[in-house]
Amino acid sequence: MSWIRGVAAAVALLTLGGCANAIEGRAEPILGSQSKVKGPPDRDGEAVLNALRMLDPCALLDGPGMAAAGLPGNAHPISRGPHSCSFSADRILDATVDVLVGEKTEYGNKYHELPVTIAGAKAYLDDRSLGGHQDCDVDIPVSFVMSVSVRYQPAYGSNANACNQVKLAAAGVIAKLGNPDAATMPASRPLGGWDGCSLLTAALPDLDPKKTTLDFYSAQSPYDSCSARQDDGNGKSSDLGDVEIKYDSDPLSGANRTPKQVGDKTANVSDMSTSCYVEWGLGPSGSADKLYDTVVVEVKLKGCDKATALAVKIQKALAGQAPSNAKPQRPLLYKPDEPDTAAVGACIDFSQNDGNCAPYQPFTLPASFDAWFPSTDTQPAIGCALAVDAVKEVFGDAYKPVVWGQHCFFVEPTHAMTITIDLATVYAPAKYGAREDLYSNVQTVTVSGKQAKSFTNTVHSGKPGEAPYNEYDIYVSPHNDINQPGMIAGLIQASPPRGSNEDAVADVTKLHDLDKVMAKIIADHVK
């Protein structure tokens with residue numbers, strides 16, 4: 001957005017604005033001020049991680065569940081890590097359902113995925129299909145940031161609808177998650193009592209929690225992996241190391257191996273240009289597939305001296321006590337109407353979740369332009385007050401106003417279009433849309449008798465069938481001179497609706513309906 005001027009750091013804790021007289025001993029209300037709104041709390045993080053650590057992924061889909069998902073009769077569970085299991089007869093040729101316990105699913109994922117209700121529980125459908133290749137996941141949230149993920153890969157040459165099949169598989173998994181105490185990790189599962197970040201923090205007990213970021217990274221079994229990054233200040237960070245527990249083939253078998261004694265294990269040490277990889281086996285995994293028949297621990301860090309030193313610390317941590325699973329989260333599932341993000345009201349449909357979005361709280365706008373326009377630089381909610389009736393009249397009830405930073409946004413549940421209203425006393429409309437490499441269709445137009453500038457963005461790397469733009473802007477001069485400071489701007493942006501596959505393109509056919517919104521705003525309020 002060419003005209004975004006920054007994000008307000010705080011929202012004033014004041015009574016909603018209006019034109020009331022000041023009362024002695026109280027501050028006079030500020031026009032357009034909005035009260036701070038607090039979102040719901042997340043579940044206890046330790047309780048969630050304990051609950052996930054206890055789950056046996058191979059117990060989350062049974063025979064009837066596999067059959068319902070369309071898997072062949074000889075399909076069976078294949079452990080690929082302590083917290084990852086595939087259900088298939090042959091992962092290469094046959095249909096496969098993967099269940100990953102402990103997938104990181106943050107707000108951004110949920111914003112783009114399609115919310116669905118499966119077997120009475122909240123879930124999100126992620127259609128990753130591209131170019132005719134079917135690929136679909138269901139994320140089942142267990143906290144604001146963690147989920148159990150179910151993935152479906154059709155058999156080779158199959159025309160099965162992956163999203164339909166994964167929802168059927170997810171129904172079986174959800175049924176098991178409804179009673180998690182009946183799907184606990186068996187004591188015989190190698191390293192089943194650990195997760196990646198518990199292991200890494202046990203090996204590096206002196207990590208500063210204020211400066212260190214831990215994250216899951218493995219595609220095969222996210223919860224069994226962990227990376228640590230330290231904030232060094234001034235926007236720089238350093239790697240402290242990565243660790244992953246996985247079920248794999250013997251790291252010492254095959255060609256191009258470099259065996260080396262590391263601690264009390266013989267490890268394969270591979271010095272790559274960016275990182276050194278240290279892998280060692282810990283015996284049979286018990287997996288039914290020979291590709292995953294060995295318990296393998298992998299450490300990665302730049303420089304082999306540092307990587308092998310970290311590997312020794314990991315070995316010592318594994319020789320100690322696994323983390324406690326006391327007080328696991330119960331229940332694990334969310335009900336369909338239960339909040340699983342910190343967003344409040346319509347902010348659940350806004351793309352940012354940094355704590356600065358607030359649902360617009362209505363107030364009465366003065367009839368006189370001169371009474372409200374000077375306040376627009378500091379009170380973005382004035383943009384919502386100007387546009388709320390016009391947006392409803394043109395685009396319907398689905399669009400709800402929210403305030404974020406210095407702007408008012410109108411959002412809706414499909415996320416196919418977002419409307420932004422921005423006002424300023426100090427910026428001239430003529431300055432916008434000037435870069436020919438970024439903007440097209442630049443015109444000087446008239447909106448309800450006021451001079452304005454309109455333009456679109458330019459999409460340079462479009463997909464087949466994609467329009468050459470997906471954004472339309474109108475900057476109106478309330479003074480009828482686009483070279484004079486002062487503007488009332490509207491921007492509308494189109495995106496593929498949430499839940500769309502990777503081939504989907506945005507529908508831009510309604511973008512120019514913004515003209516009607518801006519015409520009503522100017523006609524009703526610029527007097």
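Start by selecting Tyr432, Tyr439, Phe455 and Tyr475: ring pairs link these four into a cluster. Keep in mind that you're looking at a predicted model.

While you're in an aromatic mood, there are 12 aromatic pairs in the structure. Next, pick phenylalanine 216 and tyrosine 223. Their ring centres are 5.5 Å apart and the planes meet at 65°, so this pair counts as edge-to-face. Switch on the surface and you'll find both phenylalanine 216 and tyrosine 223 buried.

Now hop over to phenylalanine 395 and tyrosine 399. This aromatic pair is tilted, with 5.5 Å from centre to centre and 50° between the planes. Are these two buried or exposed? Phenylalanine 395 has a relative accessible area of 14%, so it is buried; tyrosine 399 counts as buried too, at 13% relative accessibility.

Time for some charges over rings. Select arginine 43 together with tyrosine 334: the arginine lies over the face of the tyrosine, 3.8 Å from the ring centre. Then try lysine 300 with tyrosine 217, where the lysine lies over the ring face at 5.7 Å from the centre.

Last stop, the outside. Select Ile92, Leu93 and Tyr156, which make up a nonpolar patch on the surface. Together, Ile92, Leu93 and Tyr156 offer about 420 Å² of accessible area. Zoom in on tyrosine 156 and trace the backbone either way: this residue is in the loop that runs between strand E7 (146–153) and helix H4 (162–177). With a relative accessible area of 73%, tyrosine 156 is exposed, because the cut-off for exposed is over 50%.

Notes. Residues are numbered from 1 along each chain as its sequence is written. This is a predicted model: local features need pLDDT of at least 70, side-chain atom pairs count only at pLDDT 80 or more; totals for chains, interfaces and linings use all residues. Side-chain values use heavy atoms; hydrogens and water are left out. Patches are made of residues with over 30% relative accessible area and no salt bridge: like charges are joined within 9 Å, nonpolar side chains (Val, Leu, Ile, Met, Phe, Trp, Tyr) within 5 Å. Accessible areas come from the Shrake-Rupley method with a 1.4 Å probe; for residues, only the protein chains shown count as cover. A salt bridge is a side-chain nitrogen of Lys or Arg within 4 Å of a carboxyl oxygen of Asp or Glu. Helices (H or I, at least four residues) and strands (E, at least two) are DSSP runs, numbered from the N terminus. Buried means under 20% relative accessible area, exposed over 50%, partly exposed in between (1.4 Å probe, protein chains only). Rings of Phe, Tyr and Trp (its six-membered ring) pair if their centres lie within 6.5 Å; planes under 30 degrees apart count as stacked, over 60 as edge-to-face and the rest as tilted. A charge sits over a ring if NZ of Lys or CZ of Arg is within 6 Å of the ring centre and within 35 degrees of the ring normal.
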